[in-house]
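User: I would like to go through this structure with a few questions. Please give the reasoning before each result.

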Amino acid sequence: MQQDPQQPAISFIGAGNMARAILGGLVANGYDPSRIWASAPEDKHLQSLRNDFGIYTTTDNRHCASQADILILAVKPQIMAEACQDIASVVQNTRPLAVSIAAGLDSETISNWLGGDVPMVRCMPNTPSLVGKGATALYATDGVSKEQRDTVTDIFSSIGLAVWLEQEEEMHAVTALSGSGPAYCYLLVESMEAAAIDAGVHPETARQLAIQTMAGAAEMCSRGDEAPDQLRRNVMSPGGTTEQAVDALEKGGLRDIVKKAFNAAKTRSAELSEQLKKAL
């Protein structure tokens, strides 16, 4: 392979679905696959990545880490300590930027497992990243340069929206918003579909219309021509069907229900983070 030395070398420790989504997005957007490495315990998990994207792979985490300018830690939180401690000596020698996609583990904890004083970016991608429609929140420690931040922005922009947080503590709220948020949308689609079926609409038609309605509304919001509250009012003719429906949702306490759900997820995120750190 002919390499592009202008692009930072990126190594993935872990080759699960999210790693595949990210590296797939990178390659689809023109990133040189010969600048990408991935490691996993068994080669069978790596074969499809080699075949589909043309990247380098290895079952040796240390070798993978040694190739990196940017080291993406994509293992499960429960095995992050073991994985980091295994490659700590390499990281201390080569000094890559470490990027963690593990939920619940703060940057200081991961940096310490890597030997300490490691420039870190912590991120929270969500499952729509798997179809290129992700929403990823990013937090950088003080040791991360502007150039490194820009590169990380480009990486996660390849799978959707990427935004930076000012405080790492915001990650718990982000977990409740975009991390858990897709499930809220799925529940709404389920509910709309069920109501339509009860009203006599064919199940397949009900599902198609509910999904497309959600997708279309999200697209109109994303264009930013008008705020969501104005978009809502645009659909509500005085005395019409939508006004009656929205009035029923408001009287049913939809806003309070959403707020309670959000706060429950945020609180649980903080609880799980503390439990995970104690367990490790």
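User: Is Cys-84 buried or exposed?
Analyst: This is a predicted model, and the answer rests on a computed relative accessibility. A residue counts as buried under 20%. The value for Cys-84 is 0%, so Cys-84 is buried.

User: How many disulfides does a search of the whole structure find?
Analyst: A disulfide is a covalent bond between the sulfur atoms of two cysteines. To count here, the two sulfur atoms must be within 2.5 Å. The cysteine sulfur nearest to that of Cys-84 belongs to Cys-64, 13 Å away, and Cys-84 is in no disulfide. For the whole structure, the number found is zero.

User: What is the relative accessible area of Cys-64?
Analyst: Cys-64 is in no disulfide. Cys-64 counts as buried, because its relative accessible area is 0%.

User: Which residue has its backbone nitrogen 3.0 Å from a polar side-chain atom of Thr-58?
Analyst: Thr-58 is part of strand β3, residues 56-58. With a relative accessible area of 13%, Thr-58 is buried. Leaving out residues up to four places away in sequence, Thr-58 touches several others, including Trp-37, Leu-46, His-63 and Cys-64. The backbone nitrogen at 3.0 Å from the Thr-58 side chain is that of Asp-60.

User: How far apart are the end C-alpha atoms of helix α6?
Analyst: Helix α6 has twelve residues, 146-157. At 1.5 Å a residue, the expected span is 16 Å. The distance in the model agrees, because the end C-alpha atoms are apart by 16 Å.

User: Which residues of α6 are buried?
Analyst: Buried means a relative accessible area under 20%. In α6, the residues that meet this are Thr-151, Val-152, Thr-153, Ile-155 and Phe-156.

Conventions
Residues are numbered from 1 along each chain as its sequence is written. This is a predicted model: local features need pLDDT of at least 70, side-chain atom pairs count only at pLDDT 80 or more; totals for chains, interfaces and linings use all residues. Side-chain values use heavy atoms; hydrogens and water are left out. Buried means under 20% relative accessible area, exposed over 50%, partly exposed in between (1.4 Å probe, protein chains only). Helices (H or I, at least four residues) and strands (E, at least two) are DSSP runs, numbered from the N terminus. The expected span of a helix is 1.5 Å times one less than its number of residues. A polar contact is a pair of N or O atoms within 3.5 Å; within protein, one must be able to donate a hydrogen and the other to accept it, and residues adjacent in sequence count only if both atoms are side-chain atoms. Contact means heavy atoms within 4.5 Å.
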